Amino acid sequence: MEPVLFYGIPHGCSFGSIVALEWSNLPYRLARIDMLAKPAGYDRLYPTAQTPALLTEDGEMLGESLAILNHIAARALGKKLGFAQGTRSFDRVNEALAFLHTEVHGAFGPVWSTFKLAVDAPTKDMLRAYGRDNVAHVLGKLDGRLAGRDWMAGEHRTVADAYLVGIVRWAEYLELFRLEHDYPNLHRLVARLERDPAVVFAHAIEEGEPAVTSGSFLGHVAIDEAAARIAA
């Protein structure tokens, strides 16, 4: 059976995995996980209860964005979303993904924690200021890396670009920076990606609006339906 991606809302980093699946044109389904409501039963499917998680065709659960994105790329090598392991091109994409995950994604942690932790206003202000400094630093490095380049890794789009567009949007959503003003090279790439049909689709999916697929999305499934697949 087709794989199922468990994606988180609101504004989850699983956004990139949706984009990558659309680019792959492989058949897949989605399962919507409200990370604030913590839906019952999800932790039995995936013990960390984090998103994204992918229920693969053979009934195994695979977690972590980097693993899922590399999995998608490997299953759709003809789409050039990634490359065969052991090649220089694979290393470049994997390095880009690691940078985006460890440095860029990680820098936003203190700011996101202000929404999750029951702390007083001065502590929230401190966390936000600390996080903003971290984000400024890593986005500066990312902007420099993109100078004179059209894509995150290589000569065409890859899963690294799918992941990038899903996490750097937090800079404006959290009202930290305006990419167009503060990080022009990054803004140039993000603006191109935001016009991509797969990115438009992923936004619509997150917002619960009608979404036009490339033809590979087969619909949503509920948690109990996915659980039955694993049990089988």
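**Exercise 1. Locate E175 and classify its backbone and exposure.**

Solution. E175 lies in the loop between α8 (170–173) and α9 (179–182). The model is a predicted one. Now check the backbone. E175 is not a glycine, yet its phi is positive, at about 55°. Last, the accessibility. Residues over 50% relative accessible area are exposed. E175 has 65% relative accessibility, so it counts as exposed.

**Exercise 2. Repeat the analysis for H11, and say what precedes it in the loop.**

Solution. Start with the location. H11 is found in the loop between β1 and α1. Its phi is positive too, about 55°, although H11 is not a glycine. Then the exposure class. The relative accessibility of H11 is 25%, so this residue counts as partly exposed. Now look at P10. This proline sits in the loop between β1 (4–9) and α1 (15–24). The peptide bond leading from I9 into P10 is cis, and its omega is near 0°.

**Exercise 3. Which peptide bond leading into P52 is cis, and where does P52 lie?**

Solution. Take the bond from T51 to P52. Its omega is near 0°, and the bond is cis. Then place the residue. P52 belongs to the loop between α2 (42–45) and β3 (53–55).

**Exercise 4. Assess the overall form of the chain.**

Solution. Count the elements: there are 12 helices and five strands. Next, test the radius of gyration. A compact globule of 232 residues would have a value near 17 Å; the chain has 18 Å, so the two agree. Along the principal axes, the C-alpha atoms fill a box of roughly 50 × 45 × 35 Å. Now the contacts. Consider those between residues at least 6 apart in sequence: 73% of them join residues at least 24 apart.

**Exercise 5. Describe the surface and the charges.**

Solution. Begin with burial. Of the 232 residues, 47% count as buried. The accessible surface comes to about 11200 Å². Carbon and sulfur atoms account for 54% of that surface. Then count charges. There are 23 positive and 29 negative side chains. The centres of these two sets are 4 Å apart.

**Exercise 6. Find the nonpolar cores, then trace the contacts of L142.**

Solution. Identify the largest nonpolar core. It has 61 residues. Those with the most contacts inside it are V104, L139, L142, L164 and L186. Pick L142 and set aside its neighbours within four places in sequence. The residues then in contact with L142 are F99, L100, V104, M152, L164, V168 and L186. A second core is separate and has 12 residues, including V4, A53, L55 and A226.

**Exercise 7. Which residues of α5 are buried, and what covers them?**

Solution. Helix α5 spans residues 109–116. Apply the cut-off: buried means under 20% relative accessible area. In α5, P110, V111, W112, S113 and T114 are buried. Now the cover. Among the elements covering these buried residues are α4 (88–107), α6 (121–145) and α8.

**Exercise 8. Place G78 and compare its separation from G219 in sequence and in space.**

Solution. G78 is in the loop between α3 (65–75) and α4. Its relative accessible area is 74%, so G78 is exposed. Then take the pair. G78 and G219 are 141 residues apart in sequence. In space, their C-alpha atoms are 24 Å apart.

Key: Residues numbered from 1 in each chain as written. Predicted model: local features only at pLDDT ≥ 70, side-chain atom pairs only at ≥ 80, totals over all residues. Heavy atoms only, no water. Helix = DSSP H or I, 4+ residues; strand = E, 2+ residues; numbered from the N terminus. Rg over C-alpha atoms; globule rule 2.2 N^0.38 Å. Buried < 20%, exposed > 50% of the residue type's maximum accessible area, 1.4 Å probe, protein only. Contact = heavy atoms within 4.5 Å. Areas by Shrake-Rupley, 256 points an atom, 1.4 Å probe, with all protein chains shown as cover. Lys, Arg positive; Asp, Glu negative; His and termini not counted. Charge placed at Lys NZ, Arg CZ, Asp CG, Glu CD. Core = buried A, V, L, I, M, F, W, Y, C linked by side-chain atoms within 4.5 Å.
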